[in-house]
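Below is a set of questions and answers on how certain structural labels are justified. Each answer sets a computed value against the cut-off that decides the label.

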Amino acid sequence: MENLSTFDENYYVGYQPSPSSVDQTDQSATETPGYSTLSGDSFVYCRTNSETSNLSEPIDYNSNTSEPSPSRWPALKSGAHNRAVLSRLGMTQHQHSLDEDHVVEDSELDMMKEKFAKLLLGEDMSGSGKGVCTAVTISNSITNLYATVFGHNLRLEPPKPEKKAMWKREMDCLLSVCDYIVEFAPTSQYLADGTIVEVMTSRPRSDIYINLPALQKLDTMLIDILDSFQDTEFWYAEQGSMSGNSTRSRAGSFRKVVQRNDEKWWLPVPCVNPGGLSDKSRKHLREKRDCANQIHKAAMAINSTVLAEMEIPETYIASLPKSGRSSLGDPIYRYMYTADKFSPDHLLDHLNITSEHEALELADKVEASMYTWRRKSCLSHSKSSWEMVKDLISETDRSDKNYTLAERAETLLFCLKQRYPELSQTSLDTCKIQYNRDVGKAILESYSRVLEGLAFNIVAWIEDVLYADKSMRNQDL
């Protein structure tokens, strides 16, 4: 019993004697630490009969003075010894389970420490203080996380479980910052004697309180849309290949792949069976396309609102052209200035924009000209006396050339973004994000931007499948 007490006490403190110390006939067993060979819960400690611990003495199985391998122990021994063996088995398994949990927790803790360090260092691993501010770091983190999870997904299919878990886990961590962004507001409180006093209480900031739950709902809806495409009637093949070499095998002979006449040659091509999709599948695709399109509009509206509320950096103001006419060019300026009824759609049709690069270049020029004319309008008003501005402000605003041009430029820019919803960020938007110091606005802007991109991609993927379905049905006519 004394040996048994010593045995249990040693295991409680994490000490494991070698197998030879279990022999009850050997009263002078050496207490050499070693790893147990009984547990199958952890691959770290799983051994074969030929393996021995590096921390224990070698065991000679041909010797009469050593205990045989645990797998060769007899089924029945004395009661005390059986209780000791069972106790050892249970405690060893429990110890290994705890070790596994500690390994997982340690790895997650190390990952959290790394992300937290990068956040505090502002992505400056030298630690010299040359990193970006916290708002830009969080914005970059959300953007990089989106690229990691969804950047390689080019098909209309559910995301992988590990990717989905990573997105949820790390977004919850990044969005948790918003729980501590508050504002103070006066609140009336009633005392015991009926007196009403006004105190300042904290509440979530209004823009975060309104927009963040909406973005989280849009996030969940987009993931649900992707998850709905489990068993589909379409599959994918690489551009220019036959469906027999595609990622989804089909029984039968090779089928024809519908070639697309677009510039995105690197994307996989959706394939459908001859005769096209079933009515049920086609209806499901159209419903999900309309839903994703509405999500895209909602995310784009939130993103535009957040960007509009950001302050314009001084660097952008300093880089504005001296003349809006020189920025836009004479043809566009002449139409905007001389037209009695300005029509941005007519102007865009006349310009005949053929690429996204041309549309983005025009958007930058229009936006720069708009702020140039606004600044000139404000300067012209500041030169007048306050009485003249107060008496003639309505007439002056409408009759001022700079004010009119700025208003028309804003209308043209809005129409341009509506016509090209996939347009990249303008120079002003990029500058605002780069010099923004508001953490709450940085989270809302980056979150809405990545959801806008994901929704747009889903709509495009569905359109590709519907195009392949339409092409297949037309071939059968």
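Q: At what angle do helix 9 and helix 10 pack, and how far apart are their axes?
A: In this predicted model, helix 9 (residues 330-338) and helix 10 (residues 344-351) pack at an angle of about 160°, and their axes are 11 Å apart.

Q: What makes the relation of helix 9 to helix 10 roughly parallel or roughly antiparallel?
A: The label roughly antiparallel is given to angles over 145 degrees; the angle here is about 160°, and helix 9 is therefore roughly antiparallel to helix 10. The crossing in which helix 9 passes helix 10 is right-handed.

Q: Which residues of helix 9 and helix 10 meet?
A: From helix 9 the residues are I332, Y335 and M336, and from helix 10 they are H346, L347 and L351. By class, this contact of helix 9 with helix 10 divides into 5 nonpolar residues, 1 polar and no charged.

Q: Why are helix 6 and helix 15 called roughly parallel or roughly antiparallel?
A: The axes of helix 6 (residues 279-309) and helix 15 (residues 439-475) come within 8 Å and cross at roughly 155°. Since the cut-off for roughly antiparallel is over 145 degrees, helix 6 and helix 15 are therefore roughly antiparallel to each other. Their crossing is left-handed, and the residues of the contact divide into 17 nonpolar, 4 polar and 12 charged.

Q: Why are helix 3 and helix 15 called roughly parallel or roughly antiparallel?
A: Here the axes of helix 3 (residues 134-150) and helix 15 likewise come within 8 Å, but they cross at roughly 20°. Angles under 35 degrees count as roughly parallel, and helix 3 and helix 15 are therefore roughly parallel to each other. The crossing of helix 3 and helix 15 is right-handed. Among the residues that make the contact are I138, I142 and Y146 of helix 3, together with I443, V450 and L454 of helix 15; by class the contact has 11 nonpolar, 6 polar and 2 charged residues.

Q: Why is R286 called buried, partly exposed or exposed?
A: R286 lies in helix 6, and its relative accessible area is 42%. Buried requires a value under 20% and exposed a value over 50%, with partly exposed in between, so R286 is partly exposed. The C-alpha atom of R286 is separated by 8.4 Å from that of L466, although the two residues are 180 residues apart along the chain.

Q: What makes E170 buried or exposed?
A: E170, which lies in helix 4 (residues 161-175), has a relative accessible area of 13%. That value is set against the limit of under 20% for buried, and E170 is therefore classed as buried. When residues up to four places away in sequence are not counted, E170 touches K115 and L145.

Q: How do you know what span is expected of helix 13, and what span does helix 13 reach?
A: Helix 13 (residues 401-419) has 19 residues, and at 1.5 Å a residue the expected span is 27 Å; helix 13 reaches 27 Å from its first C-alpha to its last, which is close to that expectation. Its buried residues include L405, A409, L412 and L416, along with N402 and R408.

Q: What percentage of the residues in the protein chain is buried, and how many helices and strands does the chain have?
A: Buried residues make up 36% of the 477 residues in the protein chain, whose secondary structure comes to 15 helices and 4 strands.

Methods. Residues are numbered from 1 along each chain as its sequence is written. This is a predicted model: local features need pLDDT of at least 70, side-chain atom pairs count only at pLDDT 80 or more; totals for chains, interfaces and linings use all residues. Side-chain values use heavy atoms; hydrogens and water are left out. Helices (H or I, at least four residues) and strands (E, at least two) are DSSP runs, numbered from the N terminus. The expected span of a helix is 1.5 Å times one less than its number of residues. Buried means under 20% relative accessible area, exposed over 50%, partly exposed in between (1.4 Å probe, protein chains only). Axes are lines fitted to C-alpha atoms, for helices over the stretch in contact, and angles run from 0 to 180 degrees between N-to-C directions. Angles under 35 degrees count as roughly parallel, over 145 as roughly antiparallel, 65 to 115 as roughly perpendicular and the rest as oblique. A crossing is left-handed if the near helix is turned anticlockwise from the far one by less than a right angle, and right-handed if clockwise. Ala, Val, Leu, Ile, Met, Phe, Trp, Tyr, Cys and Pro count as nonpolar, Asp, Glu, Lys and Arg as charged, and the others, Gly among them, as polar. Contact means heavy atoms within 4.5 Å.
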